[in-house]
Amino acid sequence: MPTQRLSMRRIKEVLRLEHFQGLPERAIARSVGVSNGVVHSYLSRARSAGLSWPLPEGMTDEDLELLLFPAPRPASQSPQRPVPDWSYIDKELRRRNVTRRLLWEEYRAVNPDGFGYTWFCTTYEAWKGRVRPSMRQIHLGGEKVFVDFAGDTIDIVDPLTGEVQPMKLFVAAMGASNYTYAEACPSESLADWIRAHVNLFTFLSGAPTFVVCDNLKAAVSNPDRYDPGLNRTYAEMASHYGTAILAARPRRPKDKAKVEVAVQIAQRWILARLRNQRFFSRAELNAAIKTLVDELNARQMRGFGSSRAELFAELDKPKLTPLPDQPYAFARWKRCRLAPDYHVEVDGHWYSAPYRLIGELVDARIDDRTVEIFHKGQRIASHARAPNRRGHTTIADHMPSAHRRYGEWTPAAVIAAGERIGPSTAAFFQAVIDARPHPEQGFRTCLGILALVKSYGA
């Protein structure tokens with residue numbers, strides 16, 4: 001009587017003890033409670049099917065049984081049925097609107113005696129589990145780029161003082177081709193984050209549909225699981241390049257698994273190779289990083305038969321959005337409330353806005369040359385960026401009419417008003433102003449006489 005087949009649960013335990021625990025077959029047999037020959041038989045079947053531990057994600061017991069115990073081939077069938085080129089299948093699935101059913105139908109059209117659709121899908125999933133880097137999602141060409149900072153740093157040395165400054169490594173990877181970009185940044189600040197993206201899009205010669213990022217402060221102002229709030233400057237940069245930001249869920253690294261793998265590769269391929277070199281400027285360091293990134297992208301990927309650069313040129317680059325005529329100019333946003341003197345404070349300097357909006361919340365957009373003030377999305381003021389602190393910049397049109405008239409009063413203007421009444425009045429105004437240590441001290445007397453003109457005439 002033939003031995004009864006083990007359950008899939010116990011077969012999985014055999015695979016786990018072999019590949020994860022590293023136990024010999026005799027120890028596995030004692031642990032599972034079967035003979036050495038049974039363990040040897042199951043492990044041989046697993047090796048023939050290309051299975052190890054852990055099993056490919058999503059594989060059911062039925063899928064595992066189909067791989068370990070394939071149905072016997074009918075005598076009428078050809079003894080050697082052609083196997084699809086899984087690298088080609090994987091590459092084609094990253095094209096828009098291409099499905100497994102379509103690729104299987106094309107395979108059967110060329111090979112009428114080929115395998116069935118269930119075997120096609122199951123074996124493809126098993127192949128994906130064996131290929132490195134592991135790909136758990138299908139990424140369409142030109143659709144996504146994944147970005148993040150590496151955890152490790154690399155130093156540059158000031159040639160004059162000898163001061164050592166650690167540099168962060170910004171890493172990006174295209175979803176479909178794994179095409180990789182890296183550069184050294186002084187920090188993870190908003191300005192460095194935006195500058196790295198501008199350089200990334202220049203490197204790609206285009207922009208993808210989505211940028212998938214982590215929840216660092218420069219990117220996400222409110223790291224909510226369901227409705228994350230994006231930094232306004234980051235969102236503005238994305239709009240400039242015609243792309244959109246997708247923030248990964250907090251503490252969900254699988255949402256950006258592409259760049260997690262790319263960061264690991266970059267740390268081993270770039271930082272490890274440069275660990276014994278000394279760099280005296282960021283430009284020198286980035287030049288060395290660029291050389292290694294070009295080598296990485298030109299290197300053939302195991303299991304694909306192509307390099308990252310070749311896959312990028314074929315899959316991603318044709319789908320990228322063309323770059324705008326001018327690169328994005330970095331600008332900060334600040335939300336503030338218009339003060340009673342109808343000014344807002346930006347970096348220690350005060351800029352005016354229309355007095356009618358006193359007490360209202362406004363948004364200030366600050367770049368290297370200008371300060372623009374917006375209210376409900378409409379620009380209400382624009383100023384040249386002032387180099388000094390503790391000063392103020394005021395546009396006359398923003399002032400109430402009374403303030404504007406008062407600001408226009410000068411000794412010459414007051415005397416000219418007196419001339420319109422008569423020469424004696426002008427002479428009196430001149431005497432009052434000259435008699436005071438400061439001309440403004442005589443303005444009230446002169447203005448009082450001008451007020452009488454409104455009641456009694458000149």
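1. A word on terms before anything else: a residue counts as buried here if its relative accessible area is under 20%, exposed if over 50%, and partly exposed in between. Keep in mind too that this is a predicted model. With that cut-off in hand, take a look at helix 5, where Trp86, Ser87, Ile89, Asp90, Lys91, Glu92 and Leu93 are buried.

2. So how enclosed is helix 5? Seven of its eight residues are buried, so the rest of the structure largely encloses this helix. As for what does the covering, helix 6, helix 7 (117-130) and helix 12 are among the elements lying over the buried residues of helix 5.

3. Glu92 deserves a glance of its own. You'll find Glu92 in helix 5, which spans residues 86-93. Its relative accessible area is 12%, and because the cut-off for buried is under 20%, Glu92 counts as buried. Leaving aside residues up to four places away in sequence, Glu92 touches Val98 and Leu103.

4. At the start of helix 5 there's a contact to check on screen: a side-chain oxygen of Asp85 comes to within 3.2 Å of the backbone nitrogen of Ser87. Ser87 is also one of the buried residues of helix 5.

5. Now for the nonpolar cores. The largest one has 33 residues, and the members touching the most other members are Val147, Phe170, Trp193, Ile194, Leu200 and Tyr234. Strand 1 (144-157), strand 2 (164-174), strand 3 (180-185), helix 8 (190-204), strand 4 (210-213) and helix 9 each put in at least two residues. Which element gives the most to this core? That's helix 8, with eight residues.

6. Trp193 is a good residue to click on in this core. Not counting residues up to four places away in sequence, Trp193 touches Val147, Phe149, Phe170, Cys213, Leu216, Ala218, Ala219 and Tyr234. There is also a second, separate core of 26 residues, and Leu169, Ala262, Ala266 and Leu274 are among its members.

7. On to the sheet. Four strands make an open sheet with antiparallel pairing, in the order 8-11-12-13. At the edges sit strand 8 (332-337) and strand 13 (378-384), each pairing on one side only. From one strand to the next, the twist averages 25°.

8. Zooming in on one edge of the sheet, strand 8 and strand 11 (residues 361-366) run antiparallel and are joined by six bridges. Within that pairing, what stands opposite Cys336? The residue is Val362, in strand 11. Helix 9 (residues 232-240) lies across strand 8 and strand 11, at about 130° to strand 8. Helix 9 is also one of the elements that supply at least two residues to the largest core.

9. Charged pairs next. How many salt bridges does a search of the whole structure find? The tally is 18. One of them joins the side chains of Arg95 and Glu314, at 3.1 Å from N to O. This pair links distant parts of the chain, 219 residues apart: Arg95 is in the loop between helix 5 and helix 6 (100-110), and Glu314 is in helix 12 (residues 308-316). Arg95 is partly exposed at 30% relative accessible area, and Glu314 is partly exposed too, at 33%.

10. Lys168 and Glu188 make another salt bridge through their side chains, with 3.1 Å from N to O. Lys168 sits in strand 2 and Glu188 in the loop between strand 3 and helix 8, so this bridge ties together parts 20 residues apart in sequence. Are the two partners buried or exposed? Lys168 counts as buried at 18% relative accessibility, whereas Glu188, at 34%, is partly exposed.

11. The side chains of Arg385 and Asp347 also meet in a salt bridge, at 2.6 Å from N to O. Arg385 lies in the loop between strand 13 and strand 14 (392-393), Asp347 in the loop between strand 9 (343-346) and strand 10 (349-352), and the two are 38 residues apart. Arg385 is partly exposed at 27% relative accessible area, and Asp347 is partly exposed at 31%.

12. Last item: a salt-bridge network. Glu236, Arg365, Asp367, Glu372 and Arg379 are joined into one network by salt bridges that share partners.

Methods: Residues are numbered from 1 along each chain as its sequence is written. This is a predicted model: local features need pLDDT of at least 70, side-chain atom pairs count only at pLDDT 80 or more; totals for chains, interfaces and linings use all residues. Side-chain values use heavy atoms; hydrogens and water are left out. Two strands pair if DSSP finds at least two bridges between them. Axes are lines fitted to C-alpha atoms, for helices over the stretch in contact, and angles run from 0 to 180 degrees between N-to-C directions. Contact means heavy atoms within 4.5 Å. Buried means under 20% relative accessible area, exposed over 50%, partly exposed in between (1.4 Å probe, protein chains only). A nonpolar core is a set of buried Ala, Val, Leu, Ile, Met, Phe, Trp, Tyr and Cys residues joined through side-chain atoms within 4.5 Å. A salt bridge is a side-chain nitrogen of Lys or Arg within 4 Å of a carboxyl oxygen of Asp or Glu. A polar contact is a pair of N or O atoms within 3.5 Å; within protein, one must be able to donate a hydrogen and the other to accept it, and residues adjacent in sequence count only if both atoms are side-chain atoms.
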